[in-house]
Amino acid sequence: MTLKDVALASGCSIATVSRVLAGTRPVGAETARTVRAAAERLGYRPNHVARALRSRSTGTVGLVLPQITNPFFPTLVRELEHALHAEGRAVLLADCDDDPATEAARIGALLARQVDALLLIPVDERHSREAVAAAAAQVPLVLLDRGCGPGVADSVAVDNAAGMALVLAHLAATGRRRPCFIGAAGTASAAVERRTAYESGAAALDPAAPGRLALGDFSVEWGRAAVDRLWPARPDAVVCANDLIAAGALQRLRQLGADVPGEVAVTGFDDIPLAGLADPALTTVRQPVADLAAEAARLLSRRRTDGSSGPCHTVRLAPELVVRASSGTAVAVAADGPFRTS
């Protein structure tokens, strides 16, 4: 079926049918209903390739993730897909397995497919910077959850320092005085920000607390292994940089016979679905995933309107502490304000 067939069936001109189906110009509501009914009756499907050639827009956004096996990322992908679909855009997904070289190759492959824009969760603040900066010079680009340093691209993420401050304030209020930290090594911005916030805030509980930390990766396996390193110091709280680490820490502490939360509290970060299913249920920092996706879509739209030039914008969203059985009584505590931006 062609536009001409739809035009004949609807009694409208080919130009009117094209405007209705492409949504490029306003058309009367009754005319639009007539055209769409005719298209549906005939089984017409638009030729997106031909439309892309005419408009020089593919209607696609490339999305590059560090590792799709981290449960936080599929939740974010779902919200991004919803936000972009509402704007008539499709998402092309690429996983780079936490490797900056693979990440650069995936970015290049998406650009070769003529995506209109890119969304990236960079593997590493330093090692991803060159590929990200080069891509940002070609298409609108927004960084999510992690950054690549100032001035590289627009970015939106949770306020990691505020989230860690909520955790430490909660631990202090429940009488914990000997925390330790399990985090990720490397220079991924989320890992660095959470670790730095712990080191600066934990000193108020115990001057030795900043030194009680173990750095590996964002995995369940590392959470288990790190407990074996830190437990001999008998901390009364294990602060984890994400929920996967915390799940591993919880499992190993139970194997060692530790009483959670009586003897030691455990906290995570992200509030993935696993957090509420852990035993005991995990106290964690909840990221506002729907807001992250909405802000990313807004920044992309603004960058497409303003062009590639102009200052980069940074948005930091306020986190929420969800207190569960791994540290105390269930309650939710939000950081001040919905977000801050610059």
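**Entry 1: Asp-145**

I began with Asp-145, which counts as buried because its relative accessibility is 5%, under the 20% that sets the limit for that class. The model I am reading is a predicted one, and I keep that in mind for each entry below. I placed Asp-145 in the loop between β4 and β5, and I then looked up its backbone, where phi is near 70 degrees, a positive value in a residue other than glycine. I noted this angle because most residues other than glycine have a negative phi.

**Entry 2: Asp-270**

I looked for another backbone of this kind and turned to Asp-270, whose phi is near 120 degrees, again a positive value in a residue other than glycine. Asp-270 lies in the loop between β9 and α12, and with a relative accessibility of 6% it counts as buried.

**Entry 3: the cavities**

I next asked how many cavities of 30 Å³ or more the structure holds. There are three of them, and the largest cavity has a volume of about 70 Å³. Going through its lining, I found both aspartates of the previous entries, Asp-145 and Asp-270, together with Asn-70, Phe-72, Phe-73, Arg-146, Ala-190, Arg-194, Phe-218, Asn-242 and Gln-287. Two elements, α5 (72-85) and α9 (189-202), are the ones that give two or more residues to this lining. By residue class I wrote down four nonpolar, three polar and four charged residues for the lining of the largest cavity.

**Entry 4: the second largest pocket**

I then moved to the second largest pocket, for which I noted a volume of about 360 Å³. Its lining has 21 residues, and those closest to its centre are Gln-67, Asp-98, Arg-146, Asp-217 and Phe-218. Comparing lists, I saw that Arg-146 and Phe-218 line this pocket and also line the largest cavity. The lining of the pocket divides into nine nonpolar, seven polar and five charged residues.

**Entry 5: Ser-219**

Since Phe-218 had come up in the pocket lining, I also looked at Ser-219, which sits in the loop between β7 (213-216) and α10 (220-230). Is Ser-219 buried or exposed? Its relative accessibility is 14%, so I entered Ser-219 as buried. Leaving aside residues up to four places away in sequence, I found that Ser-219 touches Leu-244 and Ile-245.

**Entry 6: Asp-154**

I turned to Asp-154, which is found in strand β5 (residues 154-158) and which is buried, with a relative accessible area of 2%. I wanted to know which side chain makes a polar contact with the side chain of Asp-154, and it proved to be that of Arg-303, at 2.8 Å. The side chain of Asp-154 also reaches the backbone nitrogen of His-313, at 2.8 Å. Beyond residues up to four places away in sequence, Asp-154 touches Leu-141, Val-142, Leu-143, Leu-299, Arg-303, Pro-311, Cys-312 and His-313. I noted that Leu-141, Val-142 and Leu-143 in this list fall within the range of β4 (141-144).

**Entry 7: Val-139**

Val-139 lies in the loop between α7 (129-136) and β4 (141-144), and I entered it as buried, with a relative accessible area of 11%. Not counting residues up to four places away in sequence, Val-139 touches Leu-111, Val-115, Asp-116, Ala-117 and Leu-118. I also checked Val-139 against Gly-310, which is 171 residues apart from it along the chain, and the C-alpha atoms of the two are separated by 13 Å.

**Entry 8: cis peptide bonds**

Most peptide bonds are trans, so I made a separate record of two that are not. The peptide bond from Val-260 to Pro-261 is cis, with omega near 10 degrees, and Pro-261 lies in the loop between α11 (243-255) and β9 (265-267). The peptide bond from Asp-279 to Pro-280 is likewise cis, with omega near 0 degrees, and I placed Pro-280 in the loop between α12 (273-277) and β10 (284-286).

**Entry 9: the whole chain**

Last, I looked up the values for the protein chain as a whole. Its secondary structure comes to 13 helices and 14 strands, and the C-alpha trace spans about 80 × 40 × 35 Å along its principal axes. The chain has 342 residues, of which 48% count as buried. Its accessible surface comes to about 15,500 Å², with 53% belonging to carbon and sulfur atoms. Among contacts with a separation of 6 or more, 68% are accounted for by residues 24 or more positions apart.

Notes. Residues are numbered from 1 along each chain as its sequence is written. Side-chain values use heavy atoms; hydrogens and water are left out. On a 1 Å grid over the protein atoms alone, a cavity is a set of points where a 1.4 Å probe fits but cannot get out, and a pocket is an open set with protein on both sides within 12 Å along at least five of seven lines; lining residues have an atom within 4 Å of a point. Grid points are joined across faces, edges and corners, and a volume is the space filled by probe spheres set on the points. Ala, Val, Leu, Ile, Met, Phe, Trp, Tyr, Cys and Pro count as nonpolar, Asp, Glu, Lys and Arg as charged, and the others, Gly among them, as polar. Helices (H or I, at least four residues) and strands (E, at least two) are DSSP runs, numbered from the N terminus. Buried means under 20% relative accessible area, exposed over 50%, partly exposed in between (1.4 Å probe, protein chains only). Contact means heavy atoms within 4.5 Å. Accessible areas come from the Shrake-Rupley method with a 1.4 Å probe; for residues, only the protein chains shown count as cover. A polar contact is a pair of N or O atoms within 3.5 Å; within protein, one must be able to donate a hydrogen and the other to accept it, and residues adjacent in sequence count only if both atoms are side-chain atoms.
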